[in-house]
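Student: I have this model open and would like a close look at one part of it and its surroundings. Please start with whatever I need for reading the values, and then stay with that one part.

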Amino acid sequence: MKRKRCIPPWLFLILAVTIMEGLLLLWTAHRIQLPMLLFSAAFGLLLGVAVSFLSDPRGAKRAVVLISSILAVIRFGMFVVYDTYQEFLTPATMLGGAAGVASDFLGIALTAVFGNLWRLAVLLIPAIGCGFFLDGTPVPRQVRTVLTIACTVLYLLGFSQAGGNAYRFDSAVRKAGLHGALLLDMVHGLSGSGAEPEFLPTE
């Protein structure tokens, strides 16, 4: 008898995002805080609501696999940045090449990448598990409405718990996770503003 898959996309994505964010913080900041859990659940719900518009179960499953894989790669990249500079850098800092980051990072990062490929494999576990546990059955409109409301509430709670102290990107990631930090960074207008300190790669 074929085993029935039982996890809907929205719940699967909540778990996937929370696990990835949690691993990133455990590997770097060595602690998990409430704002990270709230932002992770909200982001997972947001992605789940978006996927719920797909009427084809196979299409929904492929979308979840793709989303989970992209999120895993992004968080692995952020870990490599942290492992190299012992700080979380904003995307503007990395892409803008402030303080020679762009030129110095590539050579040193290659060693960090190959030395931590097992972390990428761990982060990709949710994407791999999608095929075994995900139920891609379309979500009813009423459920989608409830999920949207829950997503909004979780985001509001996340911002309220993050508080005004998470004004620096590195501190924001440690407290609110990568997704929460990016949102806080936009709110505070820090990207590319020169508020980030200069960084030197660790040997």
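Tutor: I will sketch the whole chain briefly and then follow its opening helix, the residues that touch it and the loop after it.

This is a predicted model, in which local features need pLDDT of at least 70 and side-chain atom pairs count only at pLDDT 80 or more, while totals for chains, interfaces and linings use all residues. Residues are numbered from 1 along each chain as its sequence is written, and side-chain values use heavy atoms, with hydrogens and water left out.

The protein chain has nine helices and zero strands; here helices are DSSP runs of H or I with at least four residues, strands are runs of E with at least two, and both are numbered from the N terminus. Of its 203 residues, 45% count as buried, where buried means under 20% relative accessible area, exposed over 50% and partly exposed in between, computed with a 1.4 Å probe on protein chains only. Among contacts between residues at least 6 apart in sequence, 79% join residues at least 24 apart; a contact means heavy atoms within 4.5 Å.

Now to α1, which covers residues 9–28. Its end C-alpha atoms are 28 Å apart, and this agrees with the 28 Å that its 20 residues should span, the expected span being 1.5 Å times one less than the number of residues. Because 14 of those 20 residues are buried, α1 is largely enclosed by the rest of the structure.

A good place to begin along α1 is Pro9, one of the residues lining the largest cavity. The others in that lining are Val51, Ser52, Leu54, Ala60, Gly136, Thr137, Pro138 and Val139. A cavity is a set of points on a 1 Å grid over the protein atoms alone where a 1.4 Å probe fits but cannot get out, and its lining residues have an atom within 4 Å of a point. Grid points are joined across faces, edges and corners, and the volume is the space filled by probe spheres set on them. A search of the whole structure finds one cavity of 30 Å³ or more, and the largest cavity holds about 40 Å³ of space. Its lining divides into six nonpolar, three polar and no charged residues, with Ala, Val, Leu, Ile, Met, Phe, Trp, Tyr, Cys and Pro taken as nonpolar, Asp, Glu, Lys and Arg as charged, and the others, Gly among them, as polar.

Further along is Phe12. Setting aside neighbours within four places in sequence, Phe12 is in contact with Ile7, Val64, Ser68, Pro126, Gly129, Cys130 and Leu134. Phe12 also belongs to the largest nonpolar core, where Phe12, Val64, Phe88, Leu123 and Tyr155 touch the most other members among its 50 residues. The helices α1, α2 (34–51), α3 (57–85), α6 (117–123), α8 (141–162) and α9 (169–188) each supply at least two residues of this core. Such a core is a set of buried Ala, Val, Leu, Ile, Met, Phe, Trp, Tyr and Cys residues joined through side-chain atoms within 4.5 Å.

Two residues of α3 bring us to Leu24. Arg75, in helix α3, is buried at a relative accessible area of 4%. Not counting residues up to four places away in sequence, Arg75 touches Met20, Glu21 and Leu24, as well as Phe43, Leu123, Leu178 and His179. Met78 also lies in α3 and is buried, at 7%. Leu24 is one of the contacts of Met78, alongside Phe88, Leu89, Met94 and Leu178, again leaving aside neighbours within four places. Leu178 is 100 residues from Met78 along the chain, yet their C-alpha atoms are separated by 8.5 Å.

Finally, look at what comes after α1. His30 sits in the loop between α1 and α2 and is exposed, with a relative accessible area of 61%. Most residues other than glycine have a negative phi. His30, although not a glycine, has a positive phi of about 65°. If you would like a companion case, Gln86 has a positive phi of about 60° and is not a glycine either. Gln86 lies in the loop between α3 and α4 (91–96) and counts as partly exposed at 37% relative accessibility.

Methods:
1 Å grid on protein atoms, 1.4 Å probe; cavity = no way out; pocket = protein on both sides within 12 Å on 5 of 7 lines; lining within 4 Å.
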